[in-house]
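Q: I would like a close look at a single part of this structure, followed outward into its surroundings. Please keep the account connected and formal.

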Amino acid sequence: MAEKRPLEEEAAWFETHRKELFAAHPLKWVVVLGQKQIGIYDSFSEAFQQGSAAAGTPHVLVKQILDTDEPMSAPALTLGLLGGLHI
Amino acid sequence: MAFTYKQGQAPTLTYSENPPPILYVFGPRVNIRVYSFVPGQAAFEGHALVDTGAQKTCIDVTVAQQLGYPQIDTEKLCHAHGTSEHPVFPVTFEIPGSSFGPWNNERLVGVELSAQKLCMLIGRDFLSIAHMTYNGPSGKWYMEYPAPPRNLSQMQPQDVAVKEMLKLVHRIKKVPAKTKPAIVKLTDEQAAAVAASSGGIAIATMPWQVKDIKKRFSCDDAVSALARIVKEHLNHDARAALRLKNGAIESVPWSERNVFV
């Protein structure tokens with residue numbers, strides 16, 4: 001049996017509820033533990049600090065409520081161009 | 001390295017000890033201190049590189065894990081062959097010896113940086129609250145914060161400006177007509193063009209709400225409403241570095257902005 005990736009259950013719950021969350025709380029931050037929504041917060045810091053305290057563990061999903069998640073870019077990193085001389 | 005934060009001056013971080021070749025070879029680097037998530041565990045000190053190409057600030061995944069940070073999300077990173085998934089950590093860090101920070105529980109993306117002898121890449125989310133000058137001939141670079149640094153997660157990456165703008169436009173559209181709010185006449189494409197013409201700065205991330213629009217703005221069109229918003233925030237919000245001129249939104253030159261005191 002394949003081992004679960006970290007936050008897999010929480011991420012699946014979020015994807016299931018993304019539309020309704022976005023309709024009700026666009027751009028806010030949601031904290032999820034297992035299949036349970038811990039809370040909705042205005043900022044990431046607030047979400048992590050208050051959400052993890054409410055959940056009783058820091059191992060929670062803290063996600064901004066957007067309609068889609070766009071991949072980020074860091075071309076120098078991904079193209080391996082950060083190397084060179086080291087100090 | 002010198003920090004100033006005096007009355008009437010913007011706080012400035014200046015790196016100037018090195019001759020020009022050092023900056024050329026190594027790029028704009030800064031010492032960084034990453035605090036442990038585990039109480040009592042020593043902090044990690046290393047180098048961070050300012051990378052204007054990086055959309056978000058990244059941390060070496062091994063450093064984050066060794067310092068006990070829990071993974072709280074994942075982030076997809078674009079590369080030539082598609083995307084890869086990376087953990088996200090709530091990291092507390094500071095620039096040692098500076099009056100700025102520490103930045104608490106910032107949302108940093110875990111990537112492999114140890115081969116480059118780096119522990120962090122400072123990306124455009126960090127730079128969205130700063131003014132940076134790279135002076136190649138003199139070998140100097142400066143970072144300046146027009147206002148005391150705020151929480152990075154309150155900043156919206158510039159790349160989402162258009163998307164944010166469109167969301168805002170949709171929200172404005174939902175306001176009942178009897179309240180005489182800003183009536184949006186722009187199409188999504190036009191609104192996107194307005195956002196794009198502003199240099200990608202996230203207009204829609206200013207701290208205003210639909211209810212504020214009802215209360216404060218009775219403009220007939222979105223451009224006028226935006227102009228009012230820009231004016232209102234220009235003097236005290238670094239993100240409001242925009243103004244309306246000849247019907248277009250433009251970035252306000254740094255020299256014309258009021259300095260935060």
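Q: Is A:K19 buried or exposed, and how many other C-beta atoms lie within 10 Å?

A: The model examined here is predicted. In it, A:K19 is exposed, because 10 other C-beta atoms lie within 10 Å and a residue with 12 or fewer is classed in that way.

The residue belongs to helix 1 of chain A. This helix comprises 17 residues, numbers 8-24. At 1.5 Å a residue it should span 24 Å, and its end C-alpha atoms are 23 Å apart, so the expected and computed spans agree. The helix nevertheless has a kink of about 60 degrees, centred on A:H17. Across the chain, A:K19 can be related to A:T68: the two are 49 residues apart in sequence, and their C-alpha atoms are separated by 9.4 Å.

Beyond helix 1, the chain enters a loop that leads to strand 1 of chain A, and A:L27 is placed in this loop. The backbone of A:L27 has a positive phi, near 75 degrees, in a residue other than glycine. As a rule, most residues other than glycine have a negative phi. A:L27 counts as partly exposed, because it has 17 C-beta neighbours inside 10 Å.

After this loop comes a hairpin. Strand 1 of chain A and strand 2 of chain A, the latter covering residues 36-41, run antiparallel and are joined by five bridges. One pairing is that of A:W29 with A:Y41 in strand 2. Two residues lie between the strands of the hairpin, and A:G34 takes a positive phi near 60 degrees there.

Further along chain A, A:P58 is found in the loop between helix 2 (44-55) and strand 3 (61-64). With 19 C-beta neighbours inside 10 Å, A:P58 is partly exposed, because the class of buried residues begins at 20. A:P58 and A:L33 are 25 residues apart in sequence, with 9.6 Å between their C-alpha atoms. Leaving aside residues up to four places away in sequence, A:P58 touches A:S52 and, in the other chain, B:P70.

These parts fit into the following order for chain A: from the N terminus on, its elements run α-β-β-α-β-α, giving three helices and three strands. Of its 87 residues, 28% count as buried. Among contacts in chain A with a separation of 6 or more, 42% are between residues 24 or more positions apart.

The contact of A:P58 with B:P70 leads to the interface. Here 29 residues of chain A are in contact with 35 residues of chain B. On the chain B side, helix 1 (20-26), strand 6 (73-79), strand 7 (82-94) and strand 8 (103-111) each supply at least two residues. Strand 6 of chain B gives the largest share, seven residues. By class, this side of chain B has 14 nonpolar, 13 polar and eight charged residues.

The interior can be considered next. In soluble globular proteins, nonpolar side chains tend to be buried together. The largest nonpolar core of this model contains 51 residues, of which A:V62, B:C58, B:I59, B:C119, B:M120 and B:L121 touch the most other members. Strand 1 of chain A, residues 29-33, gives the most to this core, with five residues. For B:M120, the residues touched are B:I32, B:A48, B:T57, B:C58 and B:I59, not counting those up to four places away in sequence.

B:K117 lies in the loop between strand 8 and strand 9 (120-122) of chain B. Although B:K117 is not a glycine, it has a positive phi of about 60 degrees. B:K117 is partly exposed, because 16 other C-beta atoms lie within 10 Å.

Chain B as a whole has seven helices and 13 strands. Of its 261 residues, 34% count as buried. Among contacts in chain B between residues at least 6 apart in sequence, 64% join residues at least 24 apart.

To return to the starting point, A:K19 is an exposed residue in helix 1 of chain A, a helix that has a kink centred on A:H17.

Note on methods
Residues are numbered from 1 along each chain as its sequence is written. Chains are lettered from A and ligands numbered from 1 in the order in which they are written. This is a predicted model: local features need pLDDT of at least 70, side-chain atom pairs count only at pLDDT 80 or more; totals for chains, interfaces and linings use all residues. Helices (H or I, at least four residues) and strands (E, at least two) are DSSP runs, numbered from the N terminus. The expected span of a helix is 1.5 Å times one less than its number of residues. The bend at a residue is the angle between axes fitted to the seven residues ending there and the seven starting there. Two residues are in contact if their C-beta atoms, placed from the backbone, lie within 7 Å. Ala, Val, Leu, Ile, Met, Phe, Trp, Tyr, Cys and Pro count as nonpolar, Asp, Glu, Lys and Arg as charged, and the others, Gly among them, as polar. A nonpolar core is a set of buried Ala, Val, Leu, Ile, Met, Phe, Trp, Tyr and Cys residues joined through C-beta atoms within 7 Å. Two strands pair if DSSP finds at least two bridges between them.
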